[in-house]
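Work through these short exercises on charged side chains. Keep the structure open beside you as you go.

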Amino acid sequence: MGFDQYHEPPEELSQKVRTFARMITSLIEEAEAIGWYEQRISVEKDAQARAIMKNAQAEEFKHFGMDLEFLLRQKKDWRAELKEILFTTGDIVKRGEAGEKKVD
């Protein structure tokens with residue numbers, strides 16, 4: 001049985017790689033849900049419905065963060081690069097370039 005998150009035969013992939021693929025898929029799904037809620041919130045007229053959607057979106061954002069943290073714990077070079085970008089100030093592109101240089 002094939003799954004969309006695999007581009008190679010799953011039986012040839014290690015358990016660690018299959019878990020990684022699942023978490024990447026989960027991260028993508030959480031990001032999509034955040035975006036969908038953003039759209040719904042922007043057009044919803046009912047204040048109570050908007051409040052519920054905002055609450056649901058916050059849950060999706062939390063899940064996105066947990067997925068990302070899991071992945072970063074698996075890939076130390078990703079963590080090193082993102083430390084130069086996330087939770088910083090200044091030009092994001094320049095911060096990203098600085099992160100690339102540190103990892104290289």
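**Exercise 1.** Decide whether Arg79 is buried, partly exposed or exposed.

*Solution.* This is a predicted model, so treat each value as computed from it. Step one: take the relative accessible area of Arg79, which is 21%. Step two: recall that buried means under 20% and exposed means over 50%. Step three: Arg79 therefore counts as partly exposed.

**Exercise 2.** Find the salt-bridge partner of Arg79, and say which elements the pair ties together.

*Solution.* Step one: Arg79 forms a salt bridge with Glu69, with the closest N and O atoms 2.4 Å apart. Step two: Arg79 lies in helix α3 (residues 76–83) and Glu69 in helix α2, so the pair ties together parts 10 residues apart in sequence.

**Exercise 3.** Examine the salt bridge between Arg73 and Glu69.

*Solution.* Step one: the N to O distance is 2.9 Å. Step two: both residues lie in helix α2 (residues 47–74), 4 residues apart, or about one turn of the helix. Step three: Arg73 is exposed at 52% relative accessibility, while Glu69 is partly exposed at 28%.

**Exercise 4.** Place the salt bridge between Arg95 and Glu84, then name the residues that salt bridges with shared partners join into one network.

*Solution.* Step one: the side chains of Arg95 and Glu84 meet at 3.6 Å, N to O. Step two: Arg95 is in helix α4 (residues 92–103) and Glu84 in the loop between α3 and α4, 11 residues apart. Step three: Arg95 is partly exposed at 27%, whereas Glu84 is buried at 14%. Step four: the network joins Glu69, Arg73 and Arg79.

Terms used. Residues numbered from 1 in each chain as written. Predicted model: local features only at pLDDT ≥ 70, side-chain atom pairs only at ≥ 80, totals over all residues. Heavy atoms only, no water. Salt bridge = Lys/Arg side-chain N within 4 Å of Asp/Glu carboxyl O. Helix = DSSP H or I, 4+ residues; strand = E, 2+ residues; numbered from the N terminus. Buried < 20%, exposed > 50% of the residue type's maximum accessible area, 1.4 Å probe, protein only.
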